[in-house]
Amino acid sequence: MKIYYIISVFMIVIGLSILVTGSMLIPVNDNAKENAKAPENSPVIDNDWGLERVDFIHYVKPENAGNSRKTSTCYKLMGVKWKSLPVNYSINPVNPQGLSENFITSTIFTSAEIWDSSTSSELFDNDYAIDYSATYGVQDFKNSIDFADYPNDGVIAVTSVWYTRVGKQIVEFDQRYNTRFAWGDATIDSSKMDLENIAVHELGHAVGLADIYSTSCLDVTMYGYSTEGETSKITLEQPDITGLQTMYGI
Ligand SMILES: [Zn+2]
């Protein structure tokens with residue numbers, strides 16, 4: 001008797017669920033649901049859009065990376081971009097190397113403005129936040145830049161980008177500069193990993209440019225390898241600018 005009672009109650013509950021939600025009568029297509037909410041032109045972010053994450057890890061240049069020059073095809077778009085501009089960001093200047101807050105913030109700001117000045121869009125905010133709680137890798141819709149140990153001697157920096165699967169809208173980026181490297185201004189001390197050089201590259205990821213690894217593209221800012229003393233990525237090359245302007249306008 002008892003088992004029939006349980007089954008009956010179960011059937012009633014299922015029946016009521018169908019009546020109330022209709023979900024078992026009309027299958028909900030996830031894509032259709034997401035498309036209905038496509039954030040194409042909306043600055044409002046909703047987790048139902050299906051956030052995806054991609055990490056760009058910037059490695060030390062290998063010995064055999066070659067020596068040829070850039071060509072016009074030396075850029076690659078991630079296929080996602082910001083649709084709500086300008087992009088603001090928070091810098092956590094805490095570091096174990098005694099780098100000053102002013103050096104870090106002014107260098108990153110200058111790096112962001114290098115991209116900004118190469119497109120008609122107001123790409124990056126004209127100001128930034130100094131935030132001692134900003135932490136890389138936390139998906140919180142805050143664009144956080146920090147300096148900390150990344151457990152790999154070959155990794156200079158990493159940028160993570162979150163975007164919506166539908167609408168292909170970037171909604172967040174975070175960056176970590178690996179303190180296993182000695183950061184500084186390589187135009188003064190070429191033994192340092194130049195912060196501006198790497199920041200310009202990493203901020204290229206933040207706006208939707210992917211790494212370029214072709215040895216025929218060594219000179220572009222988005223070339224995927226660097227070394228201490230390198231400063232060539234500070235200046236954008238034409239392929240970097242073309243990629244940027246394809247997304248954000250001439
Ligand atoms: Zn990269």
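Start with how far the chain reaches back on itself: among contacts between residues at least 6 apart in sequence, 73% join residues at least 24 apart. Keep in mind that this is a predicted model. The protein chain has 250 residues, and 34% of them count as buried. Its secondary structure comes to five helices and nine strands, and if you walk from the N terminus on, the elements read α-α-β-β-α-β-β-β-β-β-β-α-β-α.

Let's take the sheet next. Seven strands make it up, in the order β3-β2-β4-β6-β5-β1-β9, and this open sheet has mixed pairing. The edges belong to β3 (129–130) and β9 (225–226); each has a single partner strand, so one side of each has no neighbour in the sheet.

Now move inward to β6. Nine of the nine residues of β6 are buried, so this strand is largely enclosed by the rest of the structure. On one side, β6 runs parallel to β4, with five bridges joining the two. You can pick out the register from pairs such as Ser144 opposite Asp174, or Ile145, whose bridge partner in β6 is Gln175. The other pairing to look at is with β5, where seven bridges link β5 and β6 in the antiparallel sense. Here Trp162 has Glu172 as its bridge partner in β6, while Ala157 is matched with Tyr177 of β6.

Follow β5 to its end and you get to the turn. β5 and β6 form a hairpin with five residues between them, and Gly167 in that turn has a positive phi of about 90 degrees. Is Gly167 buried, exposed or partly exposed? The count is 19 C-beta neighbours inside 10 Å, and being buried takes 20 or more, so Gly167 counts as partly exposed. There's also a long-range link to check here: the C-alpha atoms of Gly167 and Lys83 are separated by 9.4 Å, though the two residues are 84 apart along the chain.

Back in the sheet, β4 is mostly covered as well, with four of its five residues buried. Besides its bridges to β6, β4 pairs with β2 in the parallel sense over two bridges. One of the matched pairs is Ile91 with Ile145 of β4. Ile145 therefore gives you a handy spot to step across the sheet, with bridge partners Ile91 and Gln175.

On to the helices. What does α4 lie across? The strands in question are β1 (51–60), β5, β6 and β9, and α4 runs at about 20 degrees to β5.

For α3, a quick geometry check works nicely. At 1.5 Å a residue, its 16 residues should span 22 Å, and the end C-alpha atoms are indeed 22 Å apart, so the two agree. The buried residues of α3 are Ile104, Thr107, Ile108, Ser111, Ala112, Ile114, Trp115 and Asp116. These pack against β2 (90–91), β4, α4 and α5.

α5 has its own buried set: Pro239, Asp240, Gly243, Leu244 and Tyr248. They cover an arc of only 150 degrees around the axis, which puts them on the same side of α5. Their packing partners are α3 and α4. Just after the helix comes Gly249, with a positive phi near 95 degrees.

So where do these pieces come together? Look at the largest nonpolar core, which has 49 residues; Trp115, Ile170, Ile198, Leu203, Val207, Ile212 and Val220 touch the most other members. The elements giving two or more residues to this core are α3 (101–116), β4 (144–148), β5 (155–164), β6 (170–178), α4 (195–206) and α5 (238–248). Trp115 also turns up among the buried residues of α3, and the enclosed strand β6 is one of the contributors to the core.

Definitions and conventions. Residues are numbered from 1 along each chain as its sequence is written. This is a predicted model: local features need pLDDT of at least 70, side-chain atom pairs count only at pLDDT 80 or more; totals for chains, interfaces and linings use all residues. A nonpolar core is a set of buried Ala, Val, Leu, Ile, Met, Phe, Trp, Tyr and Cys residues joined through C-beta atoms within 7 Å. A residue is buried if 20 or more other C-beta atoms lie within 10 Å of its own, exposed if 12 or fewer, and partly exposed in between; C-beta atoms are placed from the backbone. The expected span of a helix is 1.5 Å times one less than its number of residues. Two residues are in contact if their C-beta atoms, placed from the backbone, lie within 7 Å. Two strands pair if DSSP finds at least two bridges between them. Axes are lines fitted to C-alpha atoms, for helices over the stretch in contact, and angles run from 0 to 180 degrees between N-to-C directions. The arc is that of the directions from the helix axis to the C-beta atoms.
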